[in-house]
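The report that follows looks at one sheet and at some unusual backbone geometry in loops. Please keep the structure open beside the text while reading.

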Amino acid sequence: MDHSFRIRKGLYLLFLLSLSGVVCVSIRYSLPEEKKSGSLVANVLKDLKLGPGELSARRAQLVSKSHKQYFQLDTHSGNLFVNEKIDREALCGEMDSCVLLSEIVLQNPLTIYSIEMQIEDINDNSPEFSQTELDLSIPENAPTNSQFPLEPAQDTDLGENSIQNYTLNPNEKFHLEIQSDRDGNKNLDLVLEKPLDREKEAYLVLTLTAVDGGVPQQTGTVQININVLDINDNFPQFAQSVYTVSLKENSPPNTLVLKVEARDLDFGSNAEITYSFHQVPERISNLFHLHQTTGEIAVLGTIDYEKETRYYMKIKATDGGGHTGHCKVLVEIEDENDNAPEISVISVTSPLAEDSPLDTMVVLFSVTDRDSGDNGRTSCSVDMNLPFLLKNTVNNYYQLVTQRPLDREKVPEYNITISATDQGSPKLISVGIISVEISDVNDNSPMFEKSKYEMQVWENNIPGLLMGSVHAVDLDVEQNARVTYSLVPRNASGAPAASYVSINSETGNLYVLRSLDYEQIKEFQVRVRASDGGSPPLSSEVLVQVVILDENDNSPFFLYPLQNSTSPFSELVPKSVEAGYLVAKVVAVDGDSGQNSWLSYELLKATDPGLFSIGAQNGELRTRRPLTERDTNKQRLIVLVRDNGHPPQTSTATLNILPVDGFSDPYLNIANVSHKAGEEDGSLTMYLVICLAAVSFVFLICIIVFVVIKMYKKESSFITALPQFPPALPEIPETGVDSQSGSLSRTYQYDVCLTGGSLSSDFRFLRPLIPVFSVGDPNVSENHRISSGYQETPEQAEDQKQREQAALLAVRSSCA
């Protein structure tokens, strides 16, 4: 009946899995422990009946249910290998069955294969006693057949590889008795065969050997030291032979678990009882502490329900005389919700194309909880604002699929927060964050920053001049966002646009290909196309308005008076005109525009500057005063016209004004008068140059003659009035007297002032620069002559004045 129930339960589970769309198949393998990493376990293709390459095509994943990944799967060959050496004793302890659970997950469609790996024990551990020496104290009056429990050896191997037998070295007093309890544990008792006699033999040494059943066989020994005591006829007795207690996992250290108590009917030291663990493995002694005198068992290490659910231990009570009593303690561990759910990501599709269809699987993950009962039941959720939907499959596997269209330009990456919650109290929550990048699809065309561009360039530019740039932005990335620029073929002002400008395909810079003339073309338009690098490429266009700016590159041109290469234009004016009479209107034009074409007029040169004036803005030439008889018969005017550019351009025009009484004879002889006027101007210039040279020459001759005459008269007057110096007269320094030549050095400065307008000159005499001593009585003392100044007699002064006036008249007559 139990067998039929299991069959119905399996059929029901298979029916539920078929309804969910997921197929689950279980396979079982066995593997000896201590296999090296890389050892072949099996080929799952044969057992799963899959074709070659199907594992890799369906993105097979090997998911371990333990903390470590002990196996690895080659998806190409289907071979299952050992990834890490497995120690069965460390993994499963004393459990009879050691099974590692793994799952092979296949996608499209989702299929889960459960793999149960039975780890088989090998004889890789020898029996070990907890002590190398065991001390026993036995009273000498112990009756024969008395049994003394011995601590058995520990062998972490199982089955035939575990301890099979114990042997005791041959002796006359003791033999070994082996019994097995209902749990299969062997209990050793040392049995006394003959009475002990302390006076004959106070100390015995025995050797206990434990033998396992492996191949090769391994053994372990312990030395038993027996001390024969005096009589102690009562043994400690526990109140219970078996104690059972419950303990919550994660109980803090020093938490009281249980208190055992034994009694001894003896008195004195033989009744003093001490407690100790007996026949307990090392892991238990590391988790619990037994007080020697009180018998209290307290928590020492960390109690974890997930590692072990119950603990067996034996307690030994020993009195002062060496007698012992024993009991068993069973500690059952209660589970606490101390393990949060664990999220294991199996597969992530990243980057994910933004045009992925709905219901595309993005993430495949599983959630496990190491607790049991409600503490191990989990639920999972994600943010509802994301364009993804969470689907629950079987065995706590979840799929995250797309439920709304994706747009990389709005959200380029999603950080998906997965929350897993168990049903314990209090509930524990685990959070996992999975990043999914959205890959770009060319779904955006380039966009220009402006709807229309306007650029300005000066005329007469250098060919190849940069006049501006356009810029377009593509919201896509990488190759889809790479923008290139080109000109749209079209005409600009009657010529192809490519003949005026060119564009850099990478930067969008626009260059003028040739020099432009504002007077010929003032503006033109071109269209620029921006294309991205996607497949197929997307593009957009923009209009570029190019405006040519005017430069002041044209000089003003006279329309009136019209200038030609023959002769200046002549204008007749009556001699009877009054001031303000309009003689002519000068008209000029400029090919430039704007302020470059604003013109202003002025008289650059005129025969009589005070006779005519010209309007600066209108160019009207008018008389400033009435004409008189003293005015020449021909007035020659040079008119300058200037524009307002920078720098300004100018032009000049020559205009002859002929004052006449009537218009008949002069009008007929205009050409002859103009020709003769030119000849007269040339002759007059020549005459003026000759006259100026002659006057300068005559003036120079007069100066030379005057100087010569003056020097001659001074020399003759000095010789006639030569002074007589005494023979013993000492040298007088700085007097200007030369005794050897007999001449008197008397220097004057002359200032000649000539004015060309009045043809008159002023000739002035200045006082001498060096004082001259008078010639007097030779008997005058030396000091008196040195200190006295120059004194002229009235006759000498009158004679000097007459000579100066004669020289002045001579100079004036020569200049005239």
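## An open sheet and four loop residues

In this predicted model, four strands form an open sheet in the order β24-β26-β29-β28, with antiparallel pairing. Because β24 (342–348) and β28 (388–392) stand at the edges and each has a single partner strand, one side of each is left without a neighbour in the sheet. Neighbouring strands of this sheet are turned against each other by 25° on average, when direction is ignored. The edge strand β24 is joined by six bridges to β26 (residues 361–368), and the two run antiparallel; one such pairing places Glu342 opposite Thr368 of β26 as its bridge partner.

Backbone geometry in the loops also deserves attention. The peptide bond from Val215 to Pro216 is cis, and so is the bond from Ser535 to Pro536, with Pro216 lying in the loop between β13 (203–212) and β14 (219–229) and Pro536 in the loop between β41 (523–531) and β42 (539–549).

Two residues other than glycine have a positive phi, and their values and places are set out below.

| Residue | Phi | Loop between | Relative accessible area |
|---|---|---|---|
| Lys49 | about 60° | α2 (44–48) and α3 (54–57) | 76% |
| Asn460 | near 60° | β33 (452–458) and β34 (465–469) | 37% |

Is each of these residues buried, partly exposed or exposed? Lys49 is exposed, because its relative accessible area of 76% is over the 50% cut-off, whereas Asn460, at 37%, counts as partly exposed, since that value falls between the 20% and 50% limits.

How values were computed
Residues are numbered from 1 along each chain as its sequence is written. This is a predicted model: local features need pLDDT of at least 70, side-chain atom pairs count only at pLDDT 80 or more; totals for chains, interfaces and linings use all residues. Side-chain values use heavy atoms; hydrogens and water are left out. Two strands pair if DSSP finds at least two bridges between them. Axes are lines fitted to C-alpha atoms, for helices over the stretch in contact, and angles run from 0 to 180 degrees between N-to-C directions. Buried means under 20% relative accessible area, exposed over 50%, partly exposed in between (1.4 Å probe, protein chains only).
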